[in-house]
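Thanks for coming, everyone. I have one structure to walk through today, and I'll keep it brisk. Have a look at it first.

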Amino acid sequence: QLHSDQDKGDGSLKYILSGDGAGTLFIIDEKTGDIHATRRIDREEKAFYTLRAQAINRRTLRPVEPESEFVIKIHDINDNEPTFPEEIYTASVPEMSVVGTSVVQVTATDADDPSYGNSARIIYSILQGQPYFSVEPETGIIRTALPNMNRENREQYQVVIQAKDMGGQMGGLSGTTTVNITLTDVNDNPPRFPQSTIHLRIPESSPVGTAIGSVKATDADTGKNAEVEYRIIDGDGTDMFDIVTQKDTQEGIITVRKPLDYETRRLYTLKVEAENTYVDPRFYYLGPFKDTTIVKISVEDVDEPPVFSRSSYLFEVHEDIELGTIIGTVMARDPDSASSPIRFSLDRHTDLDRIFNIHSGNGSIYTSKPLDREISQWHNLSVIAAEINNPKDTTRVPVYVRILDVNDNAPQFAVFYDTFVCENARAGQLIQTISAVDKDDPLGGQKFFFSLAAVNPNFTVQDNEDNTARILTRRNGFSRHEISTYLLPVVISDNDYPIQSSTGTLTIRVCACDSRGNMQSCSAEALLLPAGLSTGALVAILLCIILLLVIVVLFAALKRQRKKEPLILSKEDIRDNIVSYNDEGGGEEDTQAFDIGTLRNPAAIEDKKLRRDILPETLFVPRRTPSAPDNTDVRDFINQRLKEHDTDPSAPPYDSLATYAYEGNDSIAESLSSLESGTTEGDQNYDYLREWGPRFNKLAEMYGGGESDKDTS
C-alpha cells in the first residue's frame, strides 16, 4: 500500500502507478494507494519488478510529492519438480568390474530458488537396478554394486534414477530418468574345442597346399578378446601338414605340406592348440587362455600313375654308334600296392624324325637311325610311362640325349679363294694365305696341317702351324699367254683320331700387275685389243653385237610365222568340199582345205594328201585302211572314217574333225552337191545351173565346162 503524507482522506489525491507490469500485472487503487496483483505470479518467470508511484492532485493533476520508485520481490515456493536433461541415458561398464566402479553421472535441475529454503535441494535415489548398481544421493553418480558381473550371463541392465527436491523430505517434488547400462566384454574366457578328437580324410593324390579340413575353438568372448591363433604343437605329421588361421571365421585350416603316399603311411596324428592372441593381465588367474585337441588324418588310397626313378635323365652317346645300340634305360614303378606292370613309349612329338625308339617293357632307349652331331648335338625326348591295367594314368619324364663328337668330317677351306699371281712375280712371293674349318669339335681344339698333293714346280705351301698356310711361288715370272690358270691341289688334314683329310683345289689366275703388285688384268685376250680402246668403247661394241643378235632372232621368227600362213593359190584350182574347222569356213570358195574327190572315190584315200594351206610340223605315216566299195553309201563311208580317226593315236593336232551333213531325200530342191556323183564328171550335165539365175552363175562356171575341169584336175 502506498500512502502520501498529504493525503487527508478527503479524496482530493489520486495515486498513479508506472513501471514493470503496471496496469497489466499490477494495478493501484487511486483513492487508497493499495497495489493488487491481477493474476498469479511465477517467480521462475521473473523474480522482481521495478515500479514507480506518484500522488497527484485530482483537480489540478499536479504531483503533490516527487515520484518514488520501489521493487516488488517475488518470494519462491516449491512449485517445480527436478528435471533431467535426457529422458534416457546410455552407459557401459566393463564386465568383471569391482564394486563401486563408476558407470555414469546423471544430473537433474530444479527451477526453484536454491537460495531460499530447500525447494531446489535435490537428492538422488535408485528406483530400479538394484542390487547391481547404486547411485550417490548428492552427486547422482551411478556405480556398480555387485562384484564380477559377467557379460556372458547378462549383458544389458536398465536402471531408473529419481531426483527429489526439498532434500528428499516428504512433500518434495521429484523427477525420474532411465539409464541403459551395457556390460562390455573383457577376455575372461579361454577358447575351448568342442571335441577332444577330430577325424579327417584326404586322398593321397592331393597336391601340396590342398585344404584337408578345419578345426574351430569356441570363445564366449567377442571381438579381439575372442581372436584365436592355431598351431600344430605335436604329433607324427608335423612335417607333413600345416595349419593356417582364418581371421574372418576364426577357424584353423589344415593343409598338405608334403606329398602324401598311402603305401608309405596311412594315418597321421596331430595335436593342435588354439590360443587367444590377446590376454588381459587382470584375468590371468582365469587362465590358461588356450586349449588343445587331437586331429587324426587318414590317407585314402588312389590309383596313382607310375613314378620314375629320376625327375629327368641325361644320356651321352657317340655319334658313330651302330643302329639298335641302347643309349640308356629309364625306370618307373607303380606306387600303388597292386604294383601294376609298366609300359613305356616315346612321345613322337619330341622325336619327329624317329631317330630313337624305346623298349616298351624295360624302358631301354635305342637308336633307330644314324646319329650326326653336326646336324643336332642335343635331342630332348619325352618318355611316357603308363600302367598296363590302367593306360589312362600316365607320367612323363624328360630325357636329354647328348651326342658326343667323333672325328668323321674332313677339314675344308674356310672360304672360296680368288687367287692370282702376277706375271712379274718372283720366287718365294706370297700370293695367298689360306685357312680351314672342320664341322667336328674335338676336346683339344682344332689343329690342321696343310700340304701339297704332289710336288708342284710353280707353287708351294708353307704351314704356319696356326691352322693357316701360305701359298708361295717357286719360280720367277709367269705368262698368261702360255698358261692363264693353274690348279693347285692342297691337302688339309686334322690331328684327331681317326685322321680325316680332304683335298681342296686352288684356282690361281695369272694376271698383269703394276709395279706395286696390284692386279690390272687377268684375261689373255685383253692383250689382243687395240691399245686405244677404252672400257666405254668395249661396252658399246658389246651392245651392238647384242642388238644385231636380237634383230636376227626376230627376223627368223617372222619368217617362220609367214611360212605357216595359207598359200595363195590360183582361183582356177577349185574343188567341191564341205569342211568344218574350229574357225569360220569359206564355203564353196574354200578350195584349199579338203579334196572332195576323196569322197567321190574312197580308194583315193590310200594316197593321203597333206593340207596345203598349213605346213605340218610333224610328218607321220598314214595308217592303211581297207577301201570301201564303190557303191558304198557316203554316210557309211563318213561314219567309218570318223571311227578310224577317233581311234587313231597318231592323228596330229591340226587334223581337226570334219563334219559332213547328209542332206537326205526330202529336199524339194533336191541336192545341190555333187557328193553322189562318181569320180568322173563326164556323165554329169550342169547346164541347168545357168537357168537358176545370177546367184548360181559361179556354180555354172565351175561345173559347166566339163572338159576344162578334167584338164585342170
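**Three residues and two sheets**

Let's start with T350. T350 is partly exposed, because its relative accessible area is 30%, between the 20% limit for buried and the 50% limit for exposed. Keep in mind that this is a predicted model.

Where does T350 sit? Its place is the loop between strand 24, residues 342–346, and strand 25, residues 356–358. Now its surroundings. Leaving out residues up to four places away in sequence, T350 touches N380, L381 and S382. Take S382 from that list. The backbone nitrogen of S382 is 3.2 Å from a polar atom of the T350 side chain. One more distance here. T350 and P398 are 48 residues apart in sequence, yet 9.8 Å apart in space, C-alpha to C-alpha.

Next threonine: T419. Is T419 buried or exposed? It is buried, because its relative accessible area is 0% and the cut-off for buried is under 20%. T419 is found in strand 30, which covers residues 419–422. Its side chain makes a polar contact with the side chain of Q432, at 3.1 Å. What else does T419 touch? With residues up to four places away in sequence not counted, the list is I431, Q432, L506, T507, I508 and R509.

Now a charged residue, E204. Look in the loop between strand 13, residues 197–203, and strand 14, residues 211–215. E204 is buried, yet it has no salt bridge. How far away is the nearest side chain of opposite charge? That is R266, and it is 8.5 Å away.

So what lies around the E204 side chain? Two backbone nitrogens to note. The backbone nitrogen of Y262 lies 2.7 Å from a polar atom of that side chain. The backbone nitrogen of V302 lies 2.8 Å from a polar atom of the E204 side chain. The contacts of E204, again without residues up to four places away in sequence, fall along several stretches of the numbering. There are L260, D261, Y262 and E263. There are V299, E300, D301, V302 and E304. And there is D336.

On to the sheets. A quick reminder: strands of a sheet pair through backbone hydrogen bonds, either parallel or antiparallel.

Strand 14 follows the E204 loop, and strand 14 also belongs to an open sheet of three strands. What is the strand order? It is 14-17-16, with antiparallel pairing. Strand 14 and strand 16, residues 241–246, are the edge strands, and each pairs on one side only. Neighbouring strands in this sheet are turned by 25° against each other on average, ignoring direction. Zoom in on strand 16 and strand 17, residues 251–256. They pair in the antiparallel sense over six bridges. Within that pairing, V244 stands opposite I253 in strand 17.

The other sheet is open too, with three strands in the order 1-4-5. Its pairing is antiparallel. Which strands are at the edges? Strand 1, residues 13–19, and strand 5, residues 68–73, and each pairs on one side only. The twist averages 30° from one strand to the next. How many bridges join strand 1 to strand 4, residues 48–57? Seven, in the antiparallel sense. For a marker pair, use Y15, which stands opposite A55 in strand 4.

One point to take away. E204 is buried and has no salt bridge, while the backbone nitrogens of Y262 and V302 lie 2.7 Å and 2.8 Å from polar atoms of its side chain. Over to you for questions.

Technical notes
Residues numbered from 1 in each chain as written. Predicted model: local features only at pLDDT ≥ 70, side-chain atom pairs only at ≥ 80, totals over all residues. Heavy atoms only, no water. Pairing = 2+ DSSP bridges. Helix = DSSP H or I, 4+ residues; strand = E, 2+ residues; numbered from the N terminus. Axes fitted to C-alpha atoms, helices over the stretch in contact; angles between N-to-C directions. Buried < 20%, exposed > 50% of the residue type's maximum accessible area, 1.4 Å probe, protein only. Lys, Arg positive; Asp, Glu negative; His and termini not counted. Salt bridge = Lys/Arg side-chain N within 4 Å of Asp/Glu carboxyl O. Polar contact = N/O pair within 3.5 Å; in protein donor to acceptor, adjacent residues only side chain to side chain. Contact = heavy atoms within 4.5 Å.
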